[in-house]
Amino acid sequence: MLATYYRDMDGDGFGNPLNTTQACSAPTGYVTNNTDCDDSDALEFPGQTWYADVDNDGYSSGVTQISCLRPSGHKVAVELPRPRAIATTTTMISTPAPQKSATA
Ligand SMILES: [Ca+2]
Ligand SMILES: [Ca+2]
């Protein structure tokens with residue numbers, strides 16, 4: 001049975017609603033999703049987190065925005081060369097303290 005598949009040019013897993021094909025199974029480069037706002041930019045997809053860096057110094061102000069299209073003056077985490085800027089939003093998972101050996 002034929003289904004509609006959407007072109008995913010940028011490979012972010014979100015398809016272009018304006019570029020479709022009918023096939024029995026997803027052809028290479030096509031996905032079932034059709035919610036990509038910009039299928040030429042893999043950084044732009046629904047739910048992307050953007051970090052404000054208005055002065056473009058590589059440090060985010062800590063203000064984030066969730067959107068598909070890049071808001072002006074914003075970058076994604078991988079574009080920020082200084083990871084410290086985004087560390088504040090990362091939750092560290094604590095690991096159990098090492099057991100003391102009885103023979104130590
Ligand atoms: Ca895409
Ligand atoms: Ca995209």
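What follows is a chat about the layout of one predicted protein model and two of its loop residues.

User: Quick one before I load this: is it an experimental structure or a predicted one?
Analyst: It's a predicted model.

User: OK. How many helices and strands are there in the protein?
Analyst: The protein has one helix and six strands.

User: And in what order do the elements run from the N terminus?
Analyst: They go β-β-β-β-β-β-α.

User: How do the strands group into sheets? Start with the one that has strand 1 in it.
Analyst: That's an open sheet of three strands, ordered 2-1-3, and the pairing is antiparallel. Strand 2 and strand 3 (30–31) are the edges; each has a single partner strand, so one side of each has no neighbour in the sheet.

User: How many bridges hold strand 1 to strand 2?
Analyst: Five bridges, in the antiparallel sense. If you want pairs to click on, Y5 sits opposite T21 in strand 2, and T4 has Q22 of strand 2 as its bridge partner.

User: T4 and Y5 are next to each other in the chain, right where I'm looking. What do side chains do along a regular strand?
Analyst: As a general rule, side chains in a regular strand alternate between the two faces of the sheet.

User: Good. What about strand 1 with strand 3, how many bridges there?
Analyst: Two bridges, again antiparallel. For a residue pair, take R7, whose bridge partner in strand 3 is Y30.

User: Now the other sheet. What's the strand order?
Analyst: The order is 5-4-6, an open sheet of three strands with antiparallel pairing. Strand 5 and strand 6 are the edge strands, each pairing on one side only.

User: Which residues face each other across strands 4 and 5?
Analyst: One pair to look at is W50 opposite Q65 in strand 5. The two strands pair over three bridges, antiparallel.

User: And strand 4 with strand 6?
Analyst: Strand 6 is residues 74–75, and strand 4 pairs with it over two bridges in the antiparallel sense. A52 has H74 as its bridge partner in strand 6.

User: Switching topic, loops. What's odd about the backbone of N56?
Analyst: N56 has a positive phi of about 60°, and it isn't a glycine.

User: Where is N56 in the chain?
Analyst: In the loop that links strand 4 (49–52) to strand 5 (64–66).

User: Is N56 buried or exposed?
Analyst: Exposed, because N56 has just 8 C-beta neighbours inside 10 Å, and the cut-off for exposed is 12 or fewer.

User: Then G13. Which loop is G13 in?
Analyst: The loop between strand 1 (3–7) and strand 2 (16–23). G13 also counts as exposed, because it has 12 C-beta neighbours inside 10 Å.

User: What does G13 touch, apart from its neighbours within four places in sequence?
Analyst: G13 is in contact with D8, V31 and N33.

User: And how far is G13 from A42?
Analyst: Their C-alpha atoms are separated by 8.7 Å, with the two residues 29 apart along the chain.

User: Last thing, the whole protein. How much of it counts as buried?
Analyst: 16% of its 104 residues.

User: And what share of the contacts comes from residues 24 or more positions apart?
Analyst: 34%, taking the contacts with a separation of 6 or more.

Methods
Residues are numbered from 1 along each chain as its sequence is written. Chains are lettered from A and ligands numbered from 1 in the order in which they are written. This is a predicted model: local features need pLDDT of at least 70, side-chain atom pairs count only at pLDDT 80 or more; totals for chains, interfaces and linings use all residues. Helices (H or I, at least four residues) and strands (E, at least two) are DSSP runs, numbered from the N terminus. A residue is buried if 20 or more other C-beta atoms lie within 10 Å of its own, exposed if 12 or fewer, and partly exposed in between; C-beta atoms are placed from the backbone. Two strands pair if DSSP finds at least two bridges between them. Two residues are in contact if their C-beta atoms, placed from the backbone, lie within 7 Å.
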